[in-house]
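Subject: Structure handover and notes

Hello,

Here is the structure we spoke about, passed on for you to look through. My notes come after it.

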Amino acid sequence: MGSKVSSIPSQSGIPWLFLELEIQLNGPQCCGCGVWAVTPCVAHKEHVGIYHVDDFFLCRSCPCLTCSDTVSVCATRSLPTCTSTCSASRAAPRTRTTTRDGEEAGAEETSVPEEGSPAPPAEPPAPVPEPKPEKPKEEPPSCPLSLAVEEVSENSFTLTWKAPEQMGRASLDGYVVEICKDGSSDWKAVNQEPFLSTRYTIPNLSSGDKIHVRVMAVSASGTSVPATLEQPVLIREILQLPKIRMPRHLRETYIRRVGDAVNIMIPFQGKPQPEVSWSKGGQPLDTSRINIRNTARDTIFYIRQAQRGDSGKYELTVHINGAEDKATLDIQVVEPPGPPQNLKLVDVWGFNVALEWTPPADNGNSEIKGYRVQKSDKKSGKWFTVLERCTRTSCTISDLIIGNTYSFRVFSENICGLSNSAAVASGVAYIEKTKTTYQPEKIPQRDMMEPPKFTQPLTDRTTTRGYSTHLFCSVRGFPQCPSEDRLEDKTKSKQKYWFQICRKAVRNFLMRKA
């Protein structure tokens, strides 16, 4: 095979390349000239819509060299021109064109200017546009994960799955669920439009059928590979005995205040769907005050504004074909109690006051937890709490101030709090100043007599004649033995007696030494 590359200059200065090929092939050829109809366009190097001329090939998108028009392009022996607008195209000779497949596209006569006649001036052709790069195709989302059957009933079943790991560049539009009966290959979409939930219930199925299921993720870039269950789903009724699952906080008394809303949801189970009924004291409920809403899995008990009359025990019954389960709901609607009654100032003595009262007539539908006692002195007029949660109906208030006048009041208290008003004592307590006489304590007389005893005897001393000296000794006894010159009473008394004894002892000592 030999080839030769030539060029044709254009008015814009850009050469038109054409390829002259000489090949011998056994196959589809263009108009019998031996050149393939799929030879690339010399301008764009493309294989789309090629027009064949004796010397070169041009595609349909080549611009006209006269008017730069890209519509209705033809190819001539010398230069490509437009057949619809250029004057040069009217004088062009009739040429034969073929498509890429080698079929004859049709003949078109054009006029060619005679020799010697001046050719009309040709406008410079527009520059050849560069081909735009193809956008990469966006990949569809990946397959949904963890497809499983959550629940099966006699005419439906529920599927769950997880979102795919890869969503693609485009956001996920939703999922499409398709089913097919066992033994058939006819898949049918269950939902008309994609949905974003990962849980779906397929209804209106026949009991005993085996259904194959698959789920696909859909986005703008395409549809994912379907996630399919390995085994078909058998539509059948699964029996389950009724069971009320009473919440823990409802197993004890449910307490609400007057005016509050009561909104209680109690779940239960059972298949097929059980029947639910409520009653109070064996009688149907008052639907004007109490609203009941039942679903396949729970029942809701609702009161917009509770009153004390709504208190009581309510019976819930869930039954299926003779099998049933019962539960009791105890509701207590409470409010603050009334004030105590018959508050009296019983006694006042010293710095103390004694009070008594009786329980309130209305306890607010709740047990009285205690009483709060307060005092107020006449000078300040302010109330101060003395006792809290006093469980008795009497009390003693101490440590009152002398000279003050006091008033007293008592509140009752239950689970809601203190009563709205208090019981006030009719009388007041005046703490008087009392006169007291001091009486010294009488101490009994005790016999403290003790005979004299030398605890340190006289010791020998050496002295010089003519000098005075001192002798010392210690003696113990009661009463004390004073010196003779300090005796006030010269009569024989106990002090004088002991003094004489001491003097006699000293004299005897001196005489013995002499």
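The notes below go from the overall picture to single residues.

Overall

Please keep in mind that this is a predicted model. The protein has 514 residues, and 32% of them count as buried. Two helices and 36 strands make up its list of secondary structure elements. Among contacts with a separation of 6 or more, 54% are between residues 24 or more positions apart. The exposed area of the protein is about 34000 Å², with carbon and sulfur atoms supplying 49% of it.

Nonpolar cores

In general, nonpolar side chains tend to be buried together in soluble globular proteins. The largest nonpolar core here has 22 residues. Val262, Ile264, Ile266, Trp278, Phe301, Tyr314 and Ile331 have the most contacts inside this core. At least two of the core residues come from each of these strands: strand 20 (262-271), strand 21 (275-280), strand 23 (298-303), strand 24 (312-320) and strand 25 (323-334). Another core, of 21 residues, lies apart from that one and includes Leu147, Tyr175, Val177 and Ile235.

Ile331 is a useful residue to click on in the largest core. Leaving aside residues up to four places away in sequence, Ile331 touches Tyr254, Val262, Ile264, Phe301, Asp310, Ser311, Gly312 and Tyr314.

Tyr200 can be looked at in the same way. Tyr200 sits in strand 13 (residues 199-202) and has a relative accessible area of 19%, so it counts as buried. With residues up to four places away in sequence left out, Tyr200 touches Phe157, Thr158, Leu159, Trp161, Val177, Val190, Asn191 and Phe195. The C-alpha atom of Tyr200 is separated by 9.6 Å from that of Glu150, and the two residues are 50 residues apart along the chain.

Salt bridges

How many salt bridges are there? The count comes to 11. Three of them are described here.

Arg297 pairs with Glu151, and their closest N and O atoms are 2.9 Å apart. Arg297 is in the loop between strand 22 (290-294) and strand 23, while Glu151 is in strand 9 (residues 145-152), so this salt bridge ties together parts that are 146 residues apart in sequence. Both ends count as partly exposed: Arg297 has a relative accessible area of 47%, and Glu151 has 26% relative accessibility. Lys271 belongs to the picture too, as salt bridges that share partners join Glu151, Lys271 and Arg297 into one network.

Glu178 and Arg214 form another salt bridge, with 2.7 Å between the closest N and O atoms. Glu178 lies in strand 11 (residues 172-181) and Arg214 in strand 14, and these distant parts of the chain are 36 residues apart. Are the two residues buried or exposed? Glu178 and Arg214 are both buried.

In the third, Glu413 meets Arg389 at 3.2 Å, N to O. The pair links strand 31 (residues 405-414), which holds Glu413, to strand 29, which holds Arg389, 24 residues apart. Glu413 counts as buried at 11% relative accessibility, whereas Arg389 is partly exposed at 46%.

Backbone points

Arg389 comes up again here, with a positive phi near 55 degrees in a residue other than glycine. Its place is in strand 29 (residues 383-390).

Asn204 is not a glycine either and has a positive phi of about 55 degrees. Asn204 lies in the loop between strand 13 and strand 14 (210-219), and it counts as exposed at 75% relative accessibility.

Lys271 and Pro272 are joined by a cis peptide bond with omega about -5 degrees. Pro272 is placed in the loop between strand 20 and strand 21.

Surface patch and cysteines

Which residues form a nonpolar patch on the surface? They are Met448, Met449 and Phe478, with about 300 Å² of accessible area together. Phe478 belongs to strand 36 (residues 474-478) and is partly exposed, with a relative accessible area of 40%.

The disulfide count is zero. As for two of the cysteines, Cys180 is buried at 2% relative accessible area, and Cys473 is partly exposed at 33%.

Regards

Methods:
Residues numbered from 1 in each chain as written. Predicted model: local features only at pLDDT ≥ 70, side-chain atom pairs only at ≥ 80, totals over all residues. Heavy atoms only, no water. Disulfide = S-S within 2.5 Å. Buried < 20%, exposed > 50% of the residue type's maximum accessible area, 1.4 Å probe, protein only. Patch = residues over 30% accessible without salt bridge, like charges linked within 9 Å, V, L, I, M, F, W, Y side chains within 5 Å. Areas by Shrake-Rupley, 256 points an atom, 1.4 Å probe, with all protein chains shown as cover. Salt bridge = Lys/Arg side-chain N within 4 Å of Asp/Glu carboxyl O. Helix = DSSP H or I, 4+ residues; strand = E, 2+ residues; numbered from the N terminus. Contact = heavy atoms within 4.5 Å. Core = buried A, V, L, I, M, F, W, Y, C linked by side-chain atoms within 4.5 Å.
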